[in-house]
Amino acid sequence: MLELRREQGRMLTRRHDEATDARLASHLRARFPREFSDGKAEQATRIVAEARTISRRYGISHLDAIGMIADLIVMFGVTFDRDPWAHEVLSLVGVTPAERIRLLMDRLQESGVRI
């Protein structure tokens, strides 16, 4: 039987996260080409890291949701989650993380923001 040592598991997780982060950063650069032009491509990687931090704060772990959080950082800034319109939804108790993201997207669409 194959046994993974704890450190080997951490290494595999790190590699997976790095690859996933690279895909998310690529998504940001494709979705927001103006924001990441002129040598600002590495900024997308920092935004993805911040999106992971914000996502953890609210118990969000699904990759699509982390990508949406990254999009919102580009659109509204790195502290968007502290703005009342977002914080109210992200902090809902008894609502799954996926539902909170859906409610947040609904709120944005209702306000006229194109997602």
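## Rings, helices and salt bridges in a predicted model

F76 has a relative accessibility of 32%, so this residue counts as partly exposed. Keep in mind from the start that this is a predicted model.

**The aromatic cluster**

F76 is a good way into the ring chemistry here, since the structure has two aromatic pairs. In one of them F76 meets W85 edge-to-face, with the ring centres 5.1 Å apart and 65° between the planes. The partner, W85, is partly exposed too, because its relative accessible area is 23%. The other pair joins F80 and W85, and this one is tilted: 6.2 Å centre to centre, with 35° between the planes. Is F80 buried or exposed? Its relative accessibility is 0%, so F80 counts as buried. Put the ring pairs together and you get a cluster made of F76, F80 and W85.

**The core around it**

F80 turns up again in the largest nonpolar core, which has 27 residues. Along with L28, I69, L90 and L104, F80 is among the residues with the most contacts inside that core. As a general matter, nonpolar side chains in soluble globular proteins tend to be buried together. Which elements give two or more residues to this core? They are α1, α2, α3 (63-76), α4 (84-90) and α5. The biggest share comes from α3, with seven residues.

Take L28 as an example of the packing. Leaving aside residues up to four places away in sequence, L28 touches F36, A44, I47, V48, A70, D71 and V74. Three of those partners, A44, I47 and V48, are also on the list of buried residues in α2, so that helix is a natural next stop.

**Helix α2**

Helix α2 covers residues 41-57, and its 17 residues should span 24 Å at 1.5 Å a residue; the end C-alpha atoms are 26 Å apart, which agrees. Its buried residues are A44, I47, V48, A51, R52, I54 and S55. Looking down the axis of α2, you would find these buried residues within an arc of 165°, so they line one face of the helix. The face turned away from that buried side carries the exposed residues E42 and R56. After the helix comes G59, which has a positive phi near 70°.

**Salt bridges**

The structure holds seven salt bridges. Three of them are set out here.

| Pair | Closest N to O distance |
|---|---|
| D21 and R52 | 2.6 Å |
| R46 and E42 | 3.5 Å |
| E99 and R102 | 2.5 Å |

R52, one of the buried residues of α2, has D21 as its salt-bridge partner. What does this pair tie together? D21 sits in helix α1 (residues 6-31) and R52 in helix α2, so the bridge links parts that are 31 residues apart in sequence. Both D21 and R52 are buried.

The bridge between R46 and E42 stays within one helix: both residues belong to α2, four residues apart, about one turn of the helix. An α-helix has 3.6 residues a turn, so residues three or four places apart point the same way. E42 has a relative accessibility of 55%, and so counts as exposed.

E99 and R102 follow a similar plan in helix α5 (residues 97-110), where they lie three residues apart, about one turn of the helix. E99 is partly exposed, because its relative accessible area is 28%. R102 is partly exposed as well, with a relative accessible area of 40%. There is a third member to consider too, since E99, R102 and D106 are linked in a network of salt bridges.

**Helix α5**

That brings us to α5 itself. At 1.5 Å a residue its 14 residues should span 20 Å, and the end C-alpha atoms are 20 Å apart, which agrees. Which residues of α5 are buried? They are R100, I101, L104, M105 and L108. These cover an arc of only 135° around the axis, which puts them on the same side of α5. On the other side, A98, Q109 and E110 are exposed.

L104 is a familiar name by now, as one of the residues with the most contacts inside the largest nonpolar core. As for what lies over the buried residues of α5, the cover includes α3 and α4. Past the end of α5 comes G112, whose phi is positive, near 100°.

How values were computed:
Residues are numbered from 1 along each chain as its sequence is written. This is a predicted model: local features need pLDDT of at least 70, side-chain atom pairs count only at pLDDT 80 or more; totals for chains, interfaces and linings use all residues. Side-chain values use heavy atoms; hydrogens and water are left out. Rings of Phe, Tyr and Trp (its six-membered ring) pair if their centres lie within 6.5 Å; planes under 30 degrees apart count as stacked, over 60 as edge-to-face and the rest as tilted. Buried means under 20% relative accessible area, exposed over 50%, partly exposed in between (1.4 Å probe, protein chains only). The expected span of a helix is 1.5 Å times one less than its number of residues. The arc is that of the directions from the helix axis to the C-beta atoms. A salt bridge is a side-chain nitrogen of Lys or Arg within 4 Å of a carboxyl oxygen of Asp or Glu. A nonpolar core is a set of buried Ala, Val, Leu, Ile, Met, Phe, Trp, Tyr and Cys residues joined through side-chain atoms within 4.5 Å. Contact means heavy atoms within 4.5 Å.
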